[in-house]
Protein chains: 2
Amino acid sequence: MENFRLSDQDRATLQFKVTTKLRELILKGEFKMGERLTQEEWAKNLGVSRMPIREALRQLEVEGLVRIEPRRGAIVTPISAEDVEEIYQLRALLEGQAVLKSLPFLDDEDINELERLYEKMIALKEDEKDMEEYMELNAQFHHILREGCPWRRIKGFIDTLWKGIPSYTPSVLSHHLKEAHEEHRLMVEYAKQKNGEKLKEVTENHILRTRDNLLKMIEKSEKIDVE
Amino acid sequence: MENFRLSDQDRATLQFKVTTKLRELILKGEFKMGERLTQEEWAKNLGVSRMPIREALRQLEVEGLVRIEPRRGAIVTPISAEDVEEIYQLRALLEGQAVLKSLPFLDDEDINELERLYEKMIALKEDEKDMEEYMELNAQFHHILREGCPWRRIKGFIDTLWKGIPSYTPSVLSHHLKEAHEEHRLMVEYAKQKNGEKLKEVTENHILRTRDNLLKMIEKSEKIDVE
DNA sequence: TATTATATTTTATACTAGATATAAAAGAGT
DNA sequence: ACTCTTTTATATCTAGTATAAAATATAATA
């Protein structure tokens, strides 16, 4: 009983739920490229009025998942390999900077939490159930690292990028686990040493390597689709 | 008659106008720190219903100008020196990357437009009226430079940062004009040469130097306020 | 009397639903 | 094939209702 962090504030508003639901559907690939998302249709589908849908769409526009044209509506713009490249390269750029600014503000409690999460991650098995858990722990790990950063905007941008990351199958993930574990270990190490520059460096490399692994996987799976 | 660029798409919706208006008011410092912005009050003030206000606030939240607490409403969070530091440092980071990715996609027409804008800027006088013109030309100049970049998200982030920049008095600006002119000249030069790395470098330095000038000015003006 | 707890009123947001305006599509006429 | 009109679909806006938080008043206890 030590973690009081709210999962995402207690945003129990309808608008928040609708945003989460639609984001999930888009990232799962439930919409075709360029498909139009009509407000009334989805209001019916989700059993709410049109306004929460409207507001959700406006937020998803900022996240880059839909494009809104005035008086024309929302057009879904799903994720391509180019998007993965963009998201991860920007994450490297921004999270590198964020952890550097964050580190001086992290206390012993935070560092302990990092280590605890690291231990949990290396203890996981590589089956489907545990990979979901891994995703969650990994997100928490990175979140704590940047949390101390006093810059509001950079944290907002990074959160947006995280929300735009499609969820990948366990097989994709398990391939990069060994490397990821070692990088995470180094990150904890440098955080303990309060070595900001080194922490920034390994964070950037960690994210860029993840990008390379994902792109390789996507390339492979696209080839299989064609055959 | 060669410039068909729409000022910001022809977003003639009420919601767009309201967002623009409220953003302007916040950046002008018309609200006190932490002041609550009630929907109904501003609906009356602007002569519209509450919904366009709601949507505007949600967008301004993403831009970091207000904070929305569920069932409590919008709280204005104005700009501090720390914010200026953050905005310009992030602009350097992101615009540097964006122009690098953009340059290969810029055609001769774009480069000519850059040069034309540069010529216009150096021809301006340093009085108030012309400084407003300078701000506009400068924004267009930077916009064209990054426009070719195929990454949606980075351009969205940069646009957000630009929207959050408070407008400064001519006296602040005129102090850095000579340096800015020289940097802009170099940027045109490197763009012509298709030298992406150099362009990135000078763009970053240009923005960071602007940051330093602004911070010095803010420091000075804050001292005057205290006396 | 002061102070805490509880009930009531007030205020503002979140939501629903209906009216309006606008843009794309279909159809009629040249 | 092209322009103009009509239709239809759908986003945008207004207005009214419900609900939650905050403020105030009332009661109870030390």
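The legends below describe close-up views of a predicted model that holds two protein chains and two DNA strands.

**View 1. Overall build of chain A in the predicted model.** Chain A contains 10 helices and 3 strands, and from the N terminus on its elements follow the order α-β-α-α-β-β-α-α-α-α-α-α-α. The radius of gyration of chain A is 19 Å, close to the 17 Å that the globule rule gives for 227 residues, so chain A is as compact as a globular protein of that length. Along its principal axes, the C-alpha trace of chain A spans about 55 × 45 × 30 Å.

**View 2. The two domains of chain A and the contact between them.** Domain 1 of chain A covers residues 14-76, and domain 2 of chain A covers residues 81-226. The C-alpha centres of these two domains of chain A lie 28 Å apart. To their contact, domain 1 of chain A gives 6 residues, while domain 2 of chain A gives 5 residues. On the side of domain 1 of chain A that touches domain 2 of chain A, the residues comprise 3 nonpolar, 1 polar and 2 charged.

**View 3. The open sheet of chain A.** In chain A, 3 strands are arranged in the order β1-β3-β2 as an open sheet, and their pairing is antiparallel. The strands β1 (36-37) and β2 (66-69) of chain A stand at the edges, each with a single partner strand, so one side of each is left without a neighbour in the sheet. Between β1(A) and β3(A), which run antiparallel, there are 2 bridges, and A:Arg36 has A:Ile75 in β3(A) as its bridge partner.

**View 4. The hairpin of β2(A) and β3(A).** Strand β2(A) is joined by 4 bridges to β3 (residues 73-76) of chain A, and the two strands run antiparallel. Along this pairing, A:Ile68 stands opposite A:Ala74 in β3(A), and A:Glu69 stands opposite A:Gly73 in β3(A). The hairpin has 3 residues between its strands, and A:Arg71 takes a positive phi near 60°.

**View 5. The corresponding strands of chain B.** In chain B, β2 (residues 66-69) and β3 (residues 73-76) run antiparallel and are joined by 4 bridges, with B:Val66 placed opposite B:Val76 in β3(B). These two strands of chain B form a hairpin with 3 residues between them, and B:Arg71 in the turn has a positive phi of about 60°.

**View 6. Chain A and chain B in contact, and the axis that relates them.** A turn of 180° with a shift of 0.1 Å along the axis lays chain B on chain A with an RMSD of 0.1 Å, which is the relation of a two-fold axis. The same surface serves both copies, in that 86% of the contact residues of chain B recur in chain A. In this interface, 21 residues of chain B are in contact with 19 residues of chain A. On the side of chain B that touches chain A, at least two residues are supplied by each of α3 (50-62), α4 (81-102) and α7 (152-163) of chain B. By class, the residues on that side of chain B are 10 nonpolar, 5 polar and 6 charged.

**View 7. The protein surface near DNA strand C.** DNA strand C is surrounded by 15 residues, of which the closest are A:Leu14, A:Ser49, A:Met51, A:Arg71 and B:Gly73. At least two residues of this surface come from each of α1 (14-27) and α3 (50-62) of chain A and α2 (39-46) of chain B. The residues of the surface near DNA strand C divide by class into 5 nonpolar, 6 polar and 4 charged. A:Arg71, listed here among the closest residues, is also the residue with a positive phi near 60° in the hairpin of β2(A) and β3(A).

**View 8. The protein surface near DNA strand D.** Around DNA strand D there are 17 residues, and the closest of them are A:Gln39, A:Gly73, B:Leu14, B:Ser49 and B:Met51. The elements that each give two or more residues to this surface are α2 (39-46) of chain A, together with α1 (14-27) and α3 of chain B. By class, the surface near DNA strand D has 5 nonpolar, 6 polar and 6 charged residues. A:Gly73, one of the closest residues to DNA strand D, is the residue of β3(A) that stands opposite A:Glu69.

Notes: Residues numbered from 1 in each chain as written. Chains lettered and ligands numbered in written order. Predicted model: local features only at pLDDT ≥ 70, side-chain atom pairs only at ≥ 80, totals over all residues. Domains from an automatic or database assignment. Contact = placed C-beta atoms within 7 Å. Nonpolar A, V, L, I, M, F, W, Y, C, P; charged D, E, K, R; others polar. Least-squares fit on C-alpha atoms with pLDDT ≥ 70 in both. Near = placed C-beta within 6 Å. Pairing = 2+ DSSP bridges. Rg over C-alpha atoms; globule rule 2.2 N^0.38 Å.
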